[in-house]
Amino acid sequence: QVQLVESGGGLVQAGGSLRLSCAASGRTFSSYSMGWFRQAPGKEREFVAVISWSAGSTAYASSVKGRFTISRDNAKNTVYLQMNSLKPEDTAVYYCAAGLMSTIPDSYNYWGQGTQVTVSS
């Protein structure tokens, strides 16, 4: 069992940066790939980034590649999402998830409650 708690969301102007954190409980955190997804009002949940259990592999949505960076610290049971050059279209609730290394939400077993990111123009 893994419990996930996101933090770090907030209101930022376009061009600004935020760093999201996702703290996990449970001894098996390091065995899961960790993903970040986001959901804007009226839209489906979409993939943002994923990192393998060893941090040896990462993948990004084309819309965030070059602006966002996913990382993890298995010693701290935490995964991060550094978001730079934010755009108004990045506004959404951001969720972290634990599961298989995939871009598909159904591949993840555990989800956090989400943290709101709002980017003003």
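# Figure legends: a chain of strands

**Figure 1. The whole protein chain, built from strands.** Along the sequence, the protein chain runs in the pattern β-β-β-β-β-β-β-β-β-β-β. The radius of gyration of the protein chain is 13 Å, close to the 14 Å that the globule rule gives for 121 residues, so the chain is as compact as a globular protein of that length. The model shown here is predicted. A count of its elements gives zero helices and eleven strands. The C-alpha trace spans about 40 × 25 × 25 Å along its principal axes.

**Figure 2. Inside and surface of the protein chain.** Of the 121 residues in the protein chain, 45% are buried. Contacts between residues at least 6 apart in sequence were also sorted by separation: 56% of them join residues at least 24 apart. The exposed area of the protein chain is about 6,100 Å², and carbon and sulfur atoms supply 48% of this area. As for charge, the protein chain carries 10 positive and 7 negative side chains. The centres of these two sets are 7 Å apart.

**Figure 3. Close-up of Glu46 in strand E5.** Strand E5 covers residues 46–51, and Glu46 lies in it. Glu46 has a relative accessible area of 36%; this value falls between the 20% limit for buried and the 50% limit for exposed, so Glu46 is classed as partly exposed. When neighbours within four places in sequence are left aside, Glu46 is in contact with Phe37 and Arg38. With Arg38 there is also a polar contact of 2.6 Å between the two side chains. Gln1 is 45 residues from Glu46 along the chain, and the C-alpha atoms of the two residues are separated by 24 Å.

**Figure 4. Close-up of Ala55 in the loop after E5.** Ala55 sits in the loop between E5 and strand E6, which covers residues 58–60. Ala55 is not a glycine, yet its phi is positive, at about 70 degrees. The relative accessible area of Ala55 is 38%, so this residue is partly exposed.

**Figure 5. Close-up of Ser85 in the loop between E8 and E9.** Strand E8 (78–83) and strand E9 (92–99) are joined by the loop that holds Ser85. The phi of Ser85 is positive, at about 50 degrees, although Ser85 is not a glycine. Ser85 has a relative accessible area of 42%, so it is partly exposed.

Note on methods: Residues numbered from 1 in each chain as written. Predicted model: local features only at pLDDT ≥ 70, side-chain atom pairs only at ≥ 80, totals over all residues. Heavy atoms only, no water. Helix = DSSP H or I, 4+ residues; strand = E, 2+ residues; numbered from the N terminus. Buried < 20%, exposed > 50% of the residue type's maximum accessible area, 1.4 Å probe, protein only. Contact = heavy atoms within 4.5 Å. Polar contact = N/O pair within 3.5 Å; in protein donor to acceptor, adjacent residues only side chain to side chain. Rg over C-alpha atoms; globule rule 2.2 N^0.38 Å. Areas by Shrake-Rupley, 256 points an atom, 1.4 Å probe, with all protein chains shown as cover. Lys, Arg positive; Asp, Glu negative; His and termini not counted. Charge placed at Lys NZ, Arg CZ, Asp CG, Glu CD.
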